There are 2 protein chains.
Amino acid sequence: MSESIGRFEMLLSRGEAHLLGTSEVGLSLTTPASRPEVSVNSSFQRDANNLLEDGNGLECHSPPLCLTESKVTFLSLGAFSPSNIGHSKLPCTQLSFGLQPARTFCENSCTSVAINGEPPMSKFMNLARKFNCFYFNGDLQRCRPFLVCGKQVGVMQAKVVEAACRYPDVFQMDSSGMISMHPSLKTYEERSARINHVLTQWKEERLFVTLKGWRNECYEVRTGFADPPLLKMDRSAACLFGVRQYGVEINGYTRHPQLGMSLWLQRRALTKPTWPGKWDNMVAGGLSVGHSVLDTALKEAEEEASIPAYLLANLRSAGSVSFYFESERGLFPNTEFVYDLELPADFVPHNSDGEVDIFELVPVSQVMERIFTPEYKTTSCPTTLDFLIRHGFINSDNEPRLPELVELLHIPLHYLYSQSSSQSPISPN
Amino acid sequence: MSESIGRFEMLLSRGEAHLLGTSEVGLSLTTPASRPEVSVNSSFQRDANNLLEDGNGLECHSPPLCLTESKVTFLSLGAFSPSNIGHSKLPCTQLSFGLQPARTFCENSCTSVAINGEPPMSKFMNLARKFNCFYFNGDLQRCRPFLVCGKQVGVMQAKVVEAACRYPDVFQMDSSGMISMHPSLKTYEERSARINHVLTQWKEERLFVTLKGWRNECYEVRTGFADPPLLKMDRSAACLFGVRQYGVEINGYTRHPQLGMSLWLQRRALTKPTWPGKWDNMVAGGLSVGHSVLDTALKEAEEEASIPAYLLANLRSAGSVSFYFESERGLFPNTEFVYDLELPADFVPHNSDGEVDIFELVPVSQVMERIFTPEYKTTSCPTTLDFLIRHGFINSDNEPRLPELVELLHIPLHYLYSQSSSQSPISPN
């Protein structure tokens, strides 16, 4: 039963309000108490009674339902049990939902933006442009390709190029302006050691703000995720070279009896070097040297949220998101491996490594508001949006630009760097 | 500036910001913002010839692709901002793209292929290159942008351009080689009627194989999915103009007590005009005029698989996939809205409109084999792969190139056509 989750708005928006009927709407929604939609049903029941007078059916769900006068506007953020509704033989009501477009929920904190007379961008699209700010607005003019072993692995901003030119035995600039690790550095170990030496000096000189957050944790540098590593560097330095960074994020969710579908969010500790105090997905971690993707997910789930092994057995791989962000620290062509983890309603994560301030169970409808606030870690939004899309909360009914939004959660990072030959949309053989 | 939209990822992906930096090329890029492609491409072509002598390559993009013999640059389906590039002071670097175009996958779609000592491509990556064959290997050199109301909505292959030039009151070619619908055709109705007239003639002349499959079902032509339609044309003709096509696909699945997780596949009727007799996802349909996304999903589910409404209550929106395929019929920049539908183990779909030969419930493990065979409809693979990834069957453990594969299921179709200004990754603000 827990799997037979449906989505009301679909039927409604299509005109299949017959499932909800009119006077018998309430009846069709008297679901078993075991279902989280019970609370929905109660509000539905109440609202239905108001609407029954003019014979309209309506949508409702957990959480907020938007009703207007005799017409029903809805926004389905919840689910319901089709086995209960499905057997209804109720007559179809006319579909005068006359939706005040279901974007009503979009009209608060972030404003829509109209560009050149095009349809306004939704808040989600605005957000996608925000976490892809380098993809859209990056100042490439002042960047140089960064190559290792003849393959481009990143780009360097002018200030980094300038600093790198002080180390001609480590970095070599050719006549075209491309920066390479010096070809005399032939092994992974040599390259890693030399770059670490440079970075340590830069850190001492306080040359780059990102190095204040030195992690003593290294990222591998590769041409592609499946390629052999060419060198490693401290995690805090990766954004100086625009090298692709990989991480793992876990969406922890619960079908809560009162709150409905809800996500566990963490507020990052104020002591964290990056995004202190911001809301984040339940578990997140960078993919550092020596750990596989799944290893990292399990390790972080234990460290950050104290999730016991028997619950982690539910961990499910759900793909990845890719985006290209820029901040004062540098360039972030990021790929996050995404996992979903359904948790029992009575489980509460707690932090054991000091990296999390608090955890909060947030109904999906509230997540869809909080995600737009400055209190939400921008680079965590893609994973959250991906969850909301995969689970149907953001769909073609409430987001007219759904396919474009989905593309912006998966921009072609693996094809950005031209010298990574085998990965180019035109094969370089 | 609003029209001089750039596409930095393309530049990045080739390092073209630098490639463009020769004085010749740089000059050529300081073009009028209103028509970046015009002088850019023509001068690129000219400059390319000069540059080839010393082994330099060049930038180019849609339309004209600049190909040369041994050295090739390149394929960009995007555009870039001349105002940005034009100011580049960087020298031109060598372009060692030296492409043997990535057609290796065509020779054997199932085995892994090693390229230049890179890790072998997985079977899934081979498949992703197959259904993205135009994205990787498209012969843009012979294509022209197709514009309506000043916005690019597609590209036309040479043979279509040739045929279109016979109708100067319908299609207008400017000095840059771009084809526009004649500006005297001011309304949706006028444009639709005139293009229908042309297409009907082409059909009678048997000019294009795709028109044999005339559907009497129209697709809308828009700059973006959420934009107002500019005209409509018969579905079979969309691929002649390379206009984006949208469809809906439903993954019907069952957690079967004996077979485990299984997908319902349909074998298409032998009478279908396209992909007859091939295996396909349970339900699929194009998004034709007058039907919303959800409407289409529900309509097709009923027509193709006779799925009753009470089961459709389970239908769940799960996002979309985007890919760019080419066949003898034409160009297919396709976006499929994806739905998942869990079905009871004892439910068996049956066809009611004659479009399906048989349905078969196939365990996921077998789906993951069948998908590689020539018996599987190539353009249905993205939706199937997306399902397998979202549900964890393809993951970072069994697919080292998972993030790259995921990106290839969501290529930036909405940013391919440079004249659709608001949709470009370079912000037009």
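The exercises below, each with a worked solution, concern a predicted model.

**Exercise 1. Chain A overall**

State how many helices and strands chain A has, what share of its residues is buried, and how its contacts are spread along the sequence.

Solution. Start with secondary structure: chain A contains 14 helices and 13 strands. Next take burial: of the 429 residues in chain A, 64% are buried. Last, consider contacts between residues at least 6 apart in sequence; in chain A, 66% of these join residues at least 24 apart.

**Exercise 2. The largest cavity**

Find the volume of the largest cavity, and describe its lining by residue, by element and by residue class.

Solution. Rolling a probe the size of a water molecule over the atoms shows where empty space is left. Here the structure holds 7 cavities of 30 Å³ or more. The largest cavity has a volume of about 140 Å³, and 18 residues line it. The lining residues closest to the centre of this cavity are Asp386(A), Arg390(A) and His410(A), together with Asp386(B) and His410(B).

Now turn to the elements. At least two lining residues come from each of these: strand 11 (316–327) and helix 13 (381–390) of chain A, and strand 11 (316–327) and helix 15 (381–390) of chain B. By class, the lining has 8 nonpolar, 6 polar and 4 charged residues.

**Exercise 3. Asn395(B)**

Locate Asn395(B), decide whether Asn395(B) is buried or exposed, and identify what surrounds it.

Solution. First, the position: Asn395(B) sits in the loop between helix 15 and helix 16 (402–408) of chain B. Second, the burial: the relative accessible area of Asn395(B) is 16%, and the cut-off for buried is under 20%, so Asn395(B) is buried. Third, the polar surroundings: a polar atom of the Asn395(B) side chain lies 2.8 Å from the backbone nitrogen of Asp397(B). Fourth, beyond its neighbours within four places in sequence, Asn395(B) is in contact with Ser317(A) and Leu402(B).

**Exercise 4. The nonpolar cores**

Describe the largest nonpolar core, and name some members of a second, separate core.

Solution. In soluble globular proteins, nonpolar side chains tend to be buried together. The largest nonpolar core in this model has 77 residues, and Tyr324(A), Met282(B) and Ile307(B) have the most contacts inside it. Helix 12 (residues 293–305) of chain B gives the most to this core, namely 6 residues. The second, separate core has 73 residues, including Trp264(A), Val293(A), Tyr339(A) and Tyr376(B).

To follow one member of the largest core further, take Met282(B). Leaving aside neighbours within four places in sequence, the contacts of Met282(B) include Ile250(B), Trp264(B), Ile307(B), Leu341(B), Leu343(B) and Phe359(B). Glu304(B) and Gln266(B) are also among the contacts of Met282(B).

**Exercise 5. Positive phi**

Give phi, the location and the accessibility of Asn216(A), then do likewise for Asn216(B).

Solution. Most residues other than glycine have a negative phi. Asn216(A), although not a glycine, has a positive phi of about 55 degrees. Asn216(A) lies in the loop between helix 8 (188–204) and strand 5 (218–221) of chain A, and at 70% relative accessibility Asn216(A) is exposed.

In chain B, phi of Asn216(B) is positive and near 55 degrees. The loop that holds Asn216(B) runs between helix 10 (188–205) and strand 5 (218–221) of chain B. Asn216(B) has a relative accessible area of 70%, and the cut-off for exposed is over 50%, so Asn216(B) counts as exposed.

Definitions and conventions:
Residues numbered from 1 in each chain as written. Chains lettered and ligands numbered in written order. Predicted model: local features only at pLDDT ≥ 70, side-chain atom pairs only at ≥ 80, totals over all residues. Heavy atoms only, no water. 1 Å grid on protein atoms, 1.4 Å probe; cavity = no way out; pocket = protein on both sides within 12 Å on 5 of 7 lines; lining within 4 Å. Points joined across faces, edges and corners; volume = space filled by probe spheres on them. Helix = DSSP H or I, 4+ residues; strand = E, 2+ residues; numbered from the N terminus. Nonpolar A, V, L, I, M, F, W, Y, C, P; charged D, E, K, R; others polar. Buried < 20%, exposed > 50% of the residue type's maximum accessible area, 1.4 Å probe, protein only. Polar contact = N/O pair within 3.5 Å; in protein donor to acceptor, adjacent residues only side chain to side chain. Contact = heavy atoms within 4.5 Å. Core = buried A, V, L, I, M, F, W, Y, C linked by side-chain atoms within 4.5 Å.
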